[in-house]
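Trainee: Could we go through this structure together before I return to the bench?
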Amino acid sequence: MADKFYITTPLYYVNASPHIGHSYTNIAADTVARFMRNLLGHDKVWFLTGTDEHGQKIQKAADLLKLSPKEFADKMVLKFEDLWKELNISQDDFIRTTEPRHIKTVQKVLDILYKQGDIYEDKYEGLYCTPCETFWLESQVENQLCPDCKRQLDKISEKNYFFKLTKYQSWLIQYIKDHADFIKPRTRQEEVERFLELNKLNDLCISRPKERLSWGIPLPFAPGHVTYVWFDALINYISAVGIFNDQDKYQSKWWPADLQLIGKDILRQHAVYWPIMLHALGLELPKTVFAHGWWMINDDKMSKSRGNVINPLDMVKKYGIDVYRYFLLRDVPFGLDGNFSEESITKRYNSDLANDLGNLLYRTLNMVEKYFAGKVPQVIEFRNPQARIIIEKSERLLNKIETNIGLGQDYNFSASLEGIWEVINLANKYVEETKPWNLAKEEKTDELKEFIALLVNVIRNVGQVISPFMPQTALSIEEQIGKSEVKKDLPLFPRIEINKE
Ligand code: MSP
């Protein structure tokens with residue numbers, strides 16, 4: 001086992017409330033962190049998330065409400081903190097880019113890069129997308145519209161500061177070739193490689209003149225300019241672990257990150273700008289940057305303007321935290337896009353949760369109560385061949401999950417859950433084939449004992465291995481199936497009646 005595990009999520013913009021897309025990355029990161037801590041028993045796991053609070057987007061949103069950007073951010077950050085609490089996200093640290101520890105680190109980075117000549121001053125003339133805060137070349141643009149958001153571009157001309165990406169392009173190409181785990185999944189690695197081989201990078205404009213945008217971190221060597229929000233935000237991953245001020249903590253522990261989870265929308269920043277920034281600073285690169293897919297609504301992007309944004313809290317209220325977590329992790333293999341709909345949640349709920357897991361737990365608890373007065377029968381050795389197959393499969397689950405979401409793997413949550421459900425289904429089938437009521441009638445007590453002990457054993461194991469994915473459910477299973485007695489509660493997942501209208 002590696003000596004430590006440092007996992008990060010993107011820092012979310014506070015200009016709008018969090019939606020299901022943001023919650024997806026945090027639920028995935030939380031699942032990996034819990035898996036490492038609780039199932040692999042890793043005692044040094046550090047899980048970081050936070051908020052991105054500078055830049056035009058936030059300034060604009062604050063202006064609309066007649067608040068200062070900081071007042072606005074202070075209000076909005078609560079929505080993120082509350083949501084993570086609500087979703088059982090177990091982060092160790094939450095960083096805001098307006099905190100002094102971050103601002104100091106950004107200024108130090110700028111200072112180092114400026115002094116070593118990797119940041120220089122130049123005049124910028126060209127096209128700029130204000131909402132996306134991105135510069136575009138004439139050659140990249142059609143009809144003066146932003147290639148990303150399709151909104152009108154502005155023509156600007158101003159003095160700015162640039163970071164020498166160009167200088168490091170061939171180094172990065174080679175690095176990616178030599179480190180197959182750096183960008184995942186494979187398709188994303190290929191995408192970045194193709195991009196770098198076909199395009200000559202431009203140096204990155206990392207400043208904004210204060211007259212145009214004042215809400216940002218001032219450049220230490222040019223107080224008339226603030227830092228471009230992306231250059232500022234990426235640095236959070238190292239400022240949060242005290243890279244310059246706490247040598248011990250940093251050196252011996254957290255950096256480099258082991259896994260940086262992002263959505264595919266911000267791959268370029270994390271797989272091109274970020275590694276070059278780190279390399280220029282003489283720091284190690286994260287072991288893996290993993291870009292997952294997008295949740296869409298009826299194959300359409302979720303956006304405020306389309307009015308189709310889904311609030312995770314509404315889903316949690318309606319279906320429960322663990323149902324929501326289960327759905328996101330199970331329905332789509334990590335890395336691919338998915339369509340989000342309540343119809344699909346309901347389907348999964350009724351089949352996987354009510355019919356399979358809920359039913360197995362409930363019928364087992366019932367039988368322990370009915371046949372053994374609530375005392376869990378203890379069996380040392382399973383003789384029945386079918387039982388042995390199920391036990392073996394169940395005991396191999398942890399291993400199987402490790403090959404899916406363990407260190408350096410493909411973080412395939414969906415396949416892990418499929419594996420767990422295979423065992424649940426085998427156990428349910430075993431109940432139907434064994435017909436325990438007949439064993440009871442024929443007074444085959446030993447067989448009945450073995451049969452029920454097997455079910456209890458499987459459920460305990462399932463409860464354990466689903467704990468990273470569904471922490472609350474795991475707890476509830478543990479409470480209901482004690483070491484020696486059962487304490488049956490209401491069914492965990494009562495069926496949802498589908499309204500035919
Ligand atoms: N602030 C930047 C990131 C800076 S990281 C140093 C940013 N913020 S964001 O609020 O727009 O969040 C982007 C991230 O939210 C995506 O990378 C992804 O993790 C998540 N998602 C946002 N919408 C999503 C979907 N529709 N589906 C899945 N995840 C998406 O970009």
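Mentor: What follows covers the overall fold, one pocket and one proline, all in a predicted model.

Trainee: How many helices and strands does the protein have?
Mentor: The secondary structure comprises 19 helices and 15 strands. The C-alpha atoms fill a box of roughly 90 × 55 × 40 Å along the principal axes.

Trainee: And what percentage of the residues count as buried?
Mentor: Of the 501 residues, 55% count as buried. The accessible surface comes to about 22800 Å², and 48% of that belongs to carbon and sulfur atoms.

Trainee: Now the pockets. What volume does the second largest pocket have?
Mentor: Its volume is about 350 Å³. The lining consists of 16 residues, and those closest to the centre are Arg460, Gly463, Gln464, Ala474 and Glu478.

Trainee: Which helices supply at least two residues each of that lining?
Mentor: Helix 18 (445–465) and helix 19 (471–480) do so. Helix 19 provides the largest share, 6 residues.

Trainee: How do the lining residues divide into nonpolar, polar and charged?
Mentor: The lining of this pocket has 5 nonpolar, 7 polar and 4 charged residues.

Trainee: Changing topic: where is proline 218 placed?
Mentor: Proline 218 lies in strand 10, which covers residues 218–219.

Trainee: Why does proline 218 count as partly exposed?
Mentor: Proline 218 counts as partly exposed because its relative accessibility is 31%, and that class lies between the 20% and 50% cut-offs.

Trainee: Which residues does proline 218 touch, leaving out those up to four places away in sequence?
Mentor: Proline 218 touches Gln107, Lys210, His225, Val226 and Thr227. As for tyrosine 228, 10 residues away along the chain, its C-alpha atom is separated from that of proline 218 by 9.8 Å.

Terms used. Residues are numbered from 1 along each chain as its sequence is written. This is a predicted model: local features need pLDDT of at least 70, side-chain atom pairs count only at pLDDT 80 or more; totals for chains, interfaces and linings use all residues. Side-chain values use heavy atoms; hydrogens and water are left out. On a 1 Å grid over the protein atoms alone, a cavity is a set of points where a 1.4 Å probe fits but cannot get out, and a pocket is an open set with protein on both sides within 12 Å along at least five of seven lines; lining residues have an atom within 4 Å of a point. Grid points are joined across faces, edges and corners, and a volume is the space filled by probe spheres set on the points. Helices (H or I, at least four residues) and strands (E, at least two) are DSSP runs, numbered from the N terminus. Ala, Val, Leu, Ile, Met, Phe, Trp, Tyr, Cys and Pro count as nonpolar, Asp, Glu, Lys and Arg as charged, and the others, Gly among them, as polar. Buried means under 20% relative accessible area, exposed over 50%, partly exposed in between (1.4 Å probe, protein chains only). Contact means heavy atoms within 4.5 Å. Accessible areas come from the Shrake-Rupley method with a 1.4 Å probe; for residues, only the protein chains shown count as cover.
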